[in-house]
Amino acid sequence: MGSVPESSWKFEVVPDLFMQDDPATDDKTFDYTKSNLGLLPSLTWPSFRTHLASLIASAPQHTTYKFFLLARHGQGTHNVAESFYGTAAWDAHWSKLEGNGTVTWADAELTDIGEGQAREAGKFVRKLIEEGMPVPERWEVSPLRRCCHTTALTWANMTLPEGRGWQPVIREMLREVMGEHTCDRRSTRTTIHKLYPGFEIEKGFVEEDVLWQGGDRGTNGEHDVRSRAYLEAVFEREKDVSVVSTTSHSGSIASFLRVVGHRTFVVPTGGLIPVVVMSTRKS
């Protein structure tokens with residue numbers, strides 16, 4: 001398992017729009033909040049919006065484009081624990097436990113710092129929208145609590161233009177690498193609905209977490225199969241949608257970037273990365 005099956009879709013990054021595409025941009029020091037989300041200095045948000053609309057309008061048959069705003073959840077209790085114990089000890093022992101008796105990290109929640117990061121992301125996004133950044137038409141989120149909490153803190157109280165309403169949808173395929181780490185095992189459907197009653201839960205979402213297994217940690221190849229399935233579903237389902245916001249995990253974002261051919265770019269907790277994706281449906 002892990003090899004990517006033959007697909008009827010081809011995904012590519014549209015280049016020369018964002019600094020994160022450029023290999024010269026150092027992801028270890030890059031601060032999207034000081035760089036207009038990474039939009040190239042030669043562009044403005046109105047000109048980007050015009051360009052995206054032009055790409056979509058002039059696309060040949062079976063080809064279309066979408067602007068993805070990929071958000072990573074804010075700092076979680078598991079992030080703090082890994083930093084405290086060190087990655088080697090975390091992977092070998094602590095990540096397999098529910099917590100340490102003081103802190104629980106199974107389906108990890110946000111820390112106070114993580115909540116602050118999510119709120120700051122919301123303030124920044126609001127500013128970009130006021131400057132002309134296209135407004136998302138769909139909000140999709142991993143079912144893990146830290147992601148649901150992040151997207152709520154970022155978007156729930158934001159007044160959106162164009163009469164648009166924030167309606168997040170929980171998607172199983174946006175989850176983190178599976179296996180071993182209890183922080184990546186989701187809660188039951190009942191618990192998720194009780195915690196986030198305003199969130200739509202996708203059809204087919206079962207009560208128990210049947211994807212997470214306590215054995216071996218999943219591979220990049222296995223994760224990429226899920227990410228590709230997610231992308232194919234988005235382009236198939238949301239034919240008239242051009243802007244999609246997702247809130248997920250570092251591993252999920254890394255997998256998304258691999259599937260669309262983007263360079264490796266590590267996104268910090270509470271961070272965002274923009275990507276315009278061209279999809280071509282093979283005949």
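A cavity here is a set of grid points where a 1.4 Å probe fits but cannot get out. Keep that in mind for the second half of this tour of a predicted model.

Start with the sheet. Colour its seven strands and you will find an open sheet with mixed pairing, in the order 1-7-2-6-3-4-5. Strand 1 (9-13) and strand 5 (200-201) stand at the edges; each has a single partner strand, so one side of each is left without a neighbour in the sheet.

Zoom in on strand 5 and add strand 4 (residues 168-170): the two run parallel and are joined by two bridges. Show Val169 here, and opposite this residue you will see Glu200 of strand 5. Next, select helix 1 (residues 45-58), which packs on the sheet and touches strand 2 (63-72) and strand 7 (272-281). The direction of helix 1 makes about 140 degrees with that of strand 2.

Now for the empty space. How many cavities of 30 Å³ or more does a search of the whole structure find? There are two.

The largest holds about 70 Å³ of space. Select its lining, which includes Leu70, Met173, Tyr230 and Phe256. Helix 8 (250-260) provides the largest share, three residues. The lining has six nonpolar residues, four polar and no charged.

Move on to the second largest cavity, with a volume of about 50 Å³. Among the residues to select around this cavity are Arg72, Thr150, Trp155 and Gly270. Helix 5 (145-155) gives the most to this lining, four residues. The lining divides into five nonpolar residues, six polar and one charged.

How values were computed. Residues are numbered from 1 along each chain as its sequence is written. This is a predicted model: local features need pLDDT of at least 70, side-chain atom pairs count only at pLDDT 80 or more; totals for chains, interfaces and linings use all residues. Side-chain values use heavy atoms; hydrogens and water are left out. Two strands pair if DSSP finds at least two bridges between them. Contact means heavy atoms within 4.5 Å. Axes are lines fitted to C-alpha atoms, for helices over the stretch in contact, and angles run from 0 to 180 degrees between N-to-C directions. On a 1 Å grid over the protein atoms alone, a cavity is a set of points where a 1.4 Å probe fits but cannot get out, and a pocket is an open set with protein on both sides within 12 Å along at least five of seven lines; lining residues have an atom within 4 Å of a point. Grid points are joined across faces, edges and corners, and a volume is the space filled by probe spheres set on the points. Ala, Val, Leu, Ile, Met, Phe, Trp, Tyr, Cys and Pro count as nonpolar, Asp, Glu, Lys and Arg as charged, and the others, Gly among them, as polar.
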